[in-house]
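Reader: Got a minute to go through this one with me? I'd like to start with the confidence and then pick at some details.

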Amino acid sequence: FEALGRPYEPPSDKDPVAATKFWDVDAPSVLYDALAAGKVPRYDAIVVDEAQDFHADWSTALEACLRDEKNGSIVVFYDPGQKIFGRKSGLSELPAAYSLTVNFRNSQQIAKVVGALGGVETKPHARVPVGEPPTVHVRAGPAKARLQVEELVRRLVEQNDVRPEQMVILTPHRRDHSSLKGVTSLAGI
């Protein structure tokens, strides 16, 4: 957008029709225009992470970003178990050349629980720490989830000497769509 002198102003998710049109139609179209005008660079190789959420039209636009479509490379990483939008992407429908089955990201205890919850065959790398067994809380609704998070924060601060700046709370949604909407403090923090 900005490369063409246009303001980058994606619509609010409060207008899902406009947001869908913007991301699925307008954004790829503007990319094509910027490529045709020589306003954005082209690449020899492109790496795509989280390709399970790519719209089918985006993969075509991505190929257009290659300097040489025949000799360029697009490397794709995807996990069908992490689809958010539930659409076919054109990228994640390709057969896997390599299947990553070793978890380097989490402790052994967390990897075991995450694998079981996601129904994924994965094993932690032998050199990752064992770690403490995670606690899984089943969410019964936003109010209960908020109370569970607040109790966890309280326990971590009071019993485990964890400082607030050592914590981060991750949710699968933006704050205004999560159980923490409107919450400015937890356990007095």
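Author: Below we take the confidence, the pocket, one helix and a few single residues in turn.

Reader: How confident is the predictor, as average pLDDT?

Author: This is a predicted model. The average pLDDT of the protein is 86, and 95% of the residues score at least 70.

Reader: Which elements have the lowest and the highest mean pLDDT?

Author: Strand E3, residues 102-103, has the lowest, with a mean of 82. The highest belongs to strand E1, residues 45-48, at 92.

Reader: Pockets next. How much space lies in the largest pocket?

Author: About 1,600 Å³. It is lined by 32 residues, and the closest to its centre are Thr135, His137, Leu152, Ile169 and Leu170.

Reader: Which helices supply at least two residues of that lining?

Author: Helix H3 (108-118) and helix H4 (142-158) each do. H4 gives the most to the lining, with seven residues.

Reader: And how do the lining residues divide into nonpolar, polar and charged?

Author: There are 19 nonpolar residues, nine polar and four charged.

Reader: Switching to H2. Which of its residues are buried?

Author: Helix H2 spans residues 56-64, and its buried residues are Ser59, Ala61, Leu62 and Ala64.

Reader: What covers them?

Author: The cover for the buried residues of H2 includes helix H1 (16-36), along with E1 and strand E2 (73-76).

Reader: Cys65 comes up right there. Where is its place?

Author: Cys65 sits in the loop between H2 and E2.

Reader: Why does Cys65 count as buried?

Author: Its relative accessible area is 10%, and buried means under 20%, so Cys65 falls in that class.

Reader: What is Cys65 in contact with, leaving aside neighbours within four places in sequence?

Author: On that count, Cys65 is in contact with Leu31, Leu35, Pro41, Arg42, Tyr43 and Ile46. As for Arg87, 22 residues from Cys65 in sequence, the C-alpha to C-alpha separation is 23 Å.

Reader: Now Tyr8. Where is it, and what does it contact outside four places in sequence?

Author: Tyr8 is in the segment before H1. Beyond its neighbours within four places, Tyr8 is in contact with Phe1, Glu2, Phe22 and Trp23.

Reader: How far apart are the C-alpha atoms of Tyr8 and Ala27?

Author: They are separated by 9.6 Å, with the two positions 19 residues apart along the chain counted as their separation. Tyr8 itself is partly exposed, at 42% relative accessibility.

Reader: Any backbone oddities? Which residues have a positive phi without being glycine?

Author: Glu50 is one of them, with phi of about 60°, and Ala187 is another, with phi near 55°.

Reader: Where do Glu50 and Ala187 lie?

Author: Glu50 lies in the loop between E1 and H2, and Ala187 in the segment after H4. Glu50 is partly exposed at 36% relative accessibility. Ala187 is also partly exposed, with a relative accessible area of 23%.

Reader: Last one, Ser178. Is it buried or exposed?

Author: Ser178 is buried, with a relative accessible area of 14%. Ser178 is found in the segment after H4.

Reader: What does the side chain of Ser178 reach?

Author: The backbone oxygen of Arg175, at 3.0 Å. Not counting residues up to four places away in sequence, Ser178 touches Thr171 and His173.

Note on methods:
Residues are numbered from 1 along each chain as its sequence is written. This is a predicted model: local features need pLDDT of at least 70, side-chain atom pairs count only at pLDDT 80 or more; totals for chains, interfaces and linings use all residues. Side-chain values use heavy atoms; hydrogens and water are left out. On a 1 Å grid over the protein atoms alone, a cavity is a set of points where a 1.4 Å probe fits but cannot get out, and a pocket is an open set with protein on both sides within 12 Å along at least five of seven lines; lining residues have an atom within 4 Å of a point. Grid points are joined across faces, edges and corners, and a volume is the space filled by probe spheres set on the points. Ala, Val, Leu, Ile, Met, Phe, Trp, Tyr, Cys and Pro count as nonpolar, Asp, Glu, Lys and Arg as charged, and the others, Gly among them, as polar. pLDDT is the predictor's confidence in each residue, from 0 to 100. Buried means under 20% relative accessible area, exposed over 50%, partly exposed in between (1.4 Å probe, protein chains only). A polar contact is a pair of N or O atoms within 3.5 Å; within protein, one must be able to donate a hydrogen and the other to accept it, and residues adjacent in sequence count only if both atoms are side-chain atoms. Contact means heavy atoms within 4.5 Å.
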